[in-house]
Amino acid sequence: MAPAGEAAQAIATLWWVMLAGSVVIFLGVVGASLLPLVLRRWSAPSARAMLIGGGLVFPGVVLLALLVAALLVGDRLSPRGEPGVLRIEAEARQWAWTFQYPDLPGQAATEGVLHVPVGRPFEVQVTSRDVIHSFWAPRLGGKIDAIPGHTNVIRLQADAPGIYRGQCAEFCGNAHAMMDFVVQAHSPADYAAWRAAQGATE
Amino acid sequence: MSDQTPGAPAPLSAIGRHKALERLWGTAPGWGALSAVNHSTVGLRFIITSFVFFLIGGVLAMLIRAQLAGPETDFLDAAAYAQVFTMHGTVMMFLFAIPAIEGLALYMLPKLLGARDLAFPRLSAFGYWCYLFGGSILILAMLGGVAPDSGWFMYTPLSSKPYSPGINSDVWLIGVTFVEVSAVCAAVEFMTTVLKIRTGGMALHRMPIMVWYLWVTAAMMLFGFPPLILGSVLLELERAFDWPFFDPTRGGSPLLWQHLFWLFGHPEVYIIFLPGAGIISTILPVFTGQKLVGYAWIIVALIALGFISFGIWAHHMFATGIPHLSLAFFSAASTLVVIPTAVQIFAWLATLLSGRPRITLSMLYFYGFLSTFVIGGLTGVMVAVVPFDWQAHDTHFIVAHLHYVLMGGFVFPVLAGIYYWLPHFTGRKHLEGLGRTAFALIMIGFNAAFLPMHLTGLWGMPRRVFTYGGEMGWDLLNLISSVAGFILAIGFALVVVDVVQVARFGRRSRRNPWGASTLEWGMPTPPPAYNIGSQPHVTSRDPLEDDPGLPAALARGEGYLGQPRNGWRETLSVHMLSGEPDQVVLLPGPTLMPLWTALATGLFFVSFLFKLYPLSAIAFVLIVICGWRWMWASGLREDVAPVDIGRGQTAPLHAMAADPPTLWGMVFTLMANGVFFGALVFGYLFLWVVAPNWPPPALLAREPVTPLLVLAGLATGLAAVWRGARANGESRAADSQTWLLVSAAAGAVIAGGALAVPLFTAPAPNSHAYAAAVTFISGYLAFHGLIAAILSAYAWARSRNGWISAQRAVEFSALRLWWLYLGATGLISLALLHGPAWMS
Ligand code: HEM
Ligand SMILES: [Cu+2]
Ligand SMILES: [Cu+2]
């Protein structure tokens, strides 16, 4: 994971915290299970204490903390309808992506390349013309399914200019593996140049 | 503790009893094997067949790993890869894991319960044939190159006709449904067996812990499979007749499929895990010399797990754009499921810590299980955290997670169980050398294959891609996974070799080599067809520990039902809470009926697959005929006074008892049916909520005739069956027969009234999902009316023959249940069918 967006960054932090916690828990459980092989004589902790402490209290506390963290992060990734967000319409079909820019008057649809400005959140409204696909640019953030008859929204942001690979993440038929796209994040100057090259006005 | 009623025939010697019982319970050799209904025989068939499918699934896994070993391999093309991974998942889940569990339960349950067989032996055999035939359809299709190819969860619309025009998806829907029939049969049978078919004294709190696990598993199967069956039926109707349940342009929704699938699919994971955990809870006390800590805690945890697992299906759908609030709910519920699992893990740890582990092969697999499963559980918590799941979903991270859970939570415990019960299955001892080598290969191969997939997944490798570019940087890890995958496969192959050579050449083992305390070890090994010479009266959870002389005493006939008589296959049935004997169940002997019925069912499915619908209609009639003849052979034909059951007690035969297992079988069948119907109502309401303009006003028309007809039929039928039962109770046979005819007519009226809706009033089912739903619900109602008519006719025919009496009236009790069910679902159906029109 090389996060390049706010969303991906938040998810990455979550991951490192969970990984560390998991390693500790894993070592604790497996270590405890090996104790009676290593120690010949010892007095085991009371069964009741283990059941209550290990079975109820410990997971209860950890999970509660995790849930709260997850909700906070999740909230940050969800569309909030704030102003200044660039709206984009993505339509998937077997096996390609079309992107439209309703907020950029006169801007023609692009095929397979999604152009966005750096540092400005954008909201992708995803749908599909045929089967279910899934919109995913791993370094920018999570994925969202493109479902025929439904429109789903994901909010993303690129922090640095560059080209980010995207990929359909839901099996959608033979060319699923080939169904990729790129997100091109432009610096402000670059973005203006791209817009100008399209002959459009904002 | 022997009690012989005076005047009874002279007691047999232990050998004489063995011979007499073996004659009674055995199956004829040769072609006679086709008629076997014995639970040990059928259970072993299940287990062996499931391992054959495991090997097939394993070969497919090797094809996957060969293809992914390097970037841009062209060993398989995209289409072939799609078939291979779809079949790998399908075979492993539906043809290996679930049937292996069914086989284990079939084989073990009666032995753990100190019984001689399950409640419905013919149903066991029928289930096996359904499984074998259904599985064969899938494998034959694969050999023919037309295997399913939309992934093991078959998302629509990819699996719908426009995008999968070939027969591939039909093969999945029909093959898997055929196999699921056997799972539902097994669930009904296990539920009933645990409730009723135990040995004397085995109160609920004296049941071995494994029984509790299997019971909760059976309950989950009973509730989990019907939604999947419903989904498959609806999708097959869409594919075959263009009924647009899942088509968003005509009032359907592709998400409906996902809900129905995961309503099954998530509990499925726990259905697979629980028996594995049950094996762990069974072997740990034996190999640590310490009683299981927290028996009651574990039972509560199991039941909680069962409930929670049905509340979290949507966590497979976090990326489908369901509302944030429900995301939070499902996320919370998904993490909640950890608590009952943690309780079990700490109960095991506490057992282990207070005992002295003996490191046998089974214990090695316990450690393999614990370490693997904990990792799988921890990554499971991670993906229950929604934002993280948005990243990990549908990548190889998930592939890694699911294999850690399934291998850790199921395959390793099953291997532990195999080595634990091998002396029981075969009567032979194994040496541990080869087994330990295999264990090492499996552990190394498994972790080296699947640990790296967490990383490839996080680095962005989606699952189900047949190839990837060299520039992605995933090659090395994939190569490691592939090589290790083959090491893993060699490990499994060694296990097979090991088990086969023990079964063929192992030295005879003594009874109960591990010093276990549960009843299955009190039987001769390998177990005889009748399990035990007589059934014990147990007073604790550890009967063999209480009385080490018990096995010999039972062989001498000192327990219940030690005296074979009248050519009856007898086993004890108990009061469900206290475990006091309350009836003697007479079980059917070998018969070809299950095979014929399964063949007729197979004809139905296969003719549907090849779109030969007239043939399907004929097959349906054949199934009804088989069912009739099946039931016809059951039951007593005259009243019999309570019989001596040994130990100075008497009990009625089950046909004379108030709550025979048959009735419980009906109760559980109707429960499964009710879940099916509930899922149908859910689907209807779901489309109503999510699909725009649903139901379309243009399709609604008020029409009073058919609902009134159905209502009249319901009222008449319910009244008739009650009056008939009362007349029968007062020995007025002629009156009760008249009422049965009325009941049959009422069933026919309901069928006619319900069918009239799609035939005359509703719009064409392919015009809109609402019309399709109306047609389907009418069909459901008509079908149940028809069955009510057939059951009434059946009871009438038996009563005419004088086979029903005031005391022998299970036909009436069953029919009454059916009518109650029909009454409830009929009213709901009428509301769904006609409510929208009258409300508008
Ligand atoms: C013998 C060792 C096994 C290996 C090497 C293996 C390997 C794999 C791989 C690499 C995939 C991912 C394919 C892809 O997404 O492109 C996969 C999928 C899967 N495996 Fe296994 N597997 C093994 C055993 C099992 C077992 C024992 C089970 C279940 C009890 C299982 C159940 C599944 C399922 C359900 C899928 C998902 C299929 C789908 O995406 O439709 N596997 N396996
Ligand atoms: Cu796609
Ligand atoms: Cu795709």
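Leaving aside neighbours within four places in sequence, which residues is Lys143(A) in contact with? This report on a predicted model starts with that lysine, then turns to the metal sites and the salt bridges.

**Lys143(A) and its surroundings**

Lys143(A) belongs to strand β7 of chain A, which covers residues 143–146. Apart from its neighbours within four places in sequence, Lys143(A) is in contact with residues of chain A and of chain B. From chain A these are Ser134(A), Phe135(A), Trp136(A), Ile154(A) and Ala169(A). From chain B they are Ala319(B), Asp389(B), Trp390(B), Gln391(B), Ala392(B), His393(B) and Thr395(B).

Lys143(A) is buried but takes part in no salt bridge. The nearest side chain of opposite charge belongs to Asp394(B), at 6.7 Å. A salt bridge requires the nitrogen and the carboxyl oxygen to be within 4 Å, so Asp394(B) at 6.7 Å does not form one with Lys143(A). Instead, the side chain of Lys143(A) reaches backbone oxygens of chain B: that of Gln391(B) at 2.7 Å, and that of His393(B), which lies 2.6 Å from a polar atom of the lysine side chain.

**Asp394(B)**

Asp394(B) sits in the loop between α12 (386–392) and α13 of chain B. With a relative accessible area of 2%, Asp394(B) is buried. The side chain of Asp394(B) makes a polar contact with the side chain of His393(B) at 3.1 Å. Leaving aside neighbours within four places in sequence, Asp394(B) is in contact with Ala169(A) and Glu170(A) from chain A, and with Pro462(B) and Arg463(B) from chain B. Ala169(A) is thus listed for Asp394(B) and also for Lys143(A). Between Asp394(B) and Arg464(B) the C-alpha to C-alpha distance is 8.3 Å, although 70 residues separate them in sequence.

**The copper ions**

Which residues coordinate the copper ion (ligand 2)? The donors are His133(A) through ND1, Cys168(A) through SG, Cys172(A) through SG and Met179(A) through SD, at 2.0 to 2.4 Å. The angles among these 4 donor atoms run from 93 to 130°, and the site is tetrahedral. For comparison, the ideal angle for four tetrahedral donors is 109.5 degrees. Along the sequence, the donor residues follow the spacing H-x34-C-x3-C-x6-M.

A copper ion (ligand 3) lies 2.6 Å from the copper ion (ligand 2), and Cys168(A) coordinates both. His133(A) is in strand β6 (residues 133–136) of chain A, while Cys172(A) is in the loop between β9 (162–168) and β10 (180–186), so this pair ties together parts that are 39 residues apart in sequence. His133(A) is buried, with a relative accessible area of 0%, and Cys172(A) is buried at 0% relative accessibility.

**The iron site**

In chain B, His88(B) and His403(B) coordinate the iron atom of ligand 1, each through NE2, at 1.9 to 2.0 Å. There are 6 donor atoms around the iron atom, and they subtend angles of 88 to 180°, which makes the arrangement octahedral. His88(B) comes from helix α3 (residues 78–112) and His403(B) from helix α13 (residues 396–426), so the pair ties together parts of chain B that are 315 residues apart in sequence. Both histidines are buried: His88(B) has a relative accessibility of 14% and His403(B) one of 16%.

**Salt bridges**

Over all chains, the model has 18 salt bridges. The table gives three from chain B.

| Positive residue | Negative residue | N to O distance |
|---|---|---|
| Lys196(B) | Asp582(B) | 3.0 Å |
| Arg250(B) | Asp247(B) | 3.1 Å |
| Arg436(B) | Glu432(B) | 2.7 Å |

The side chains of Lys196(B) and Asp582(B) meet in a salt bridge. This pair links distant parts of chain B, with Lys196(B) in helix α5 (residues 168–196) and Asp582(B) in strand β2 (residues 581–587), 386 residues apart. Lys196(B) is buried, with a relative accessible area of 1%, whereas Asp582(B) is partly exposed at 23%. Together with Asp659(B), these two residues are linked in a network of salt bridges.

In the second pair, Arg250(B) is partly exposed, with a relative accessible area of 22%. Its partner Asp247(B) has a relative accessibility of 17%; the cut-off for buried is under 20%, so Asp247(B) counts as buried. In the third pair, Arg436(B) is partly exposed at 35% relative accessibility.

How values were computed
Residues numbered from 1 in each chain as written. Chains lettered and ligands numbered in written order. Predicted model: local features only at pLDDT ≥ 70, side-chain atom pairs only at ≥ 80, totals over all residues. Heavy atoms only, no water. Helix = DSSP H or I, 4+ residues; strand = E, 2+ residues; numbered from the N terminus. Buried < 20%, exposed > 50% of the residue type's maximum accessible area, 1.4 Å probe, protein only. Donors = N, O, S within 2.8 Å, 3.2 Å for Na, K, Ca; no water. Tetrahedral: all angles 85-135°; square planar, octahedral: opposite > 155°, others 65-115°. Lys, Arg positive; Asp, Glu negative; His and termini not counted. Polar contact = N/O pair within 3.5 Å; in protein donor to acceptor, adjacent residues only side chain to side chain. Contact = heavy atoms within 4.5 Å.
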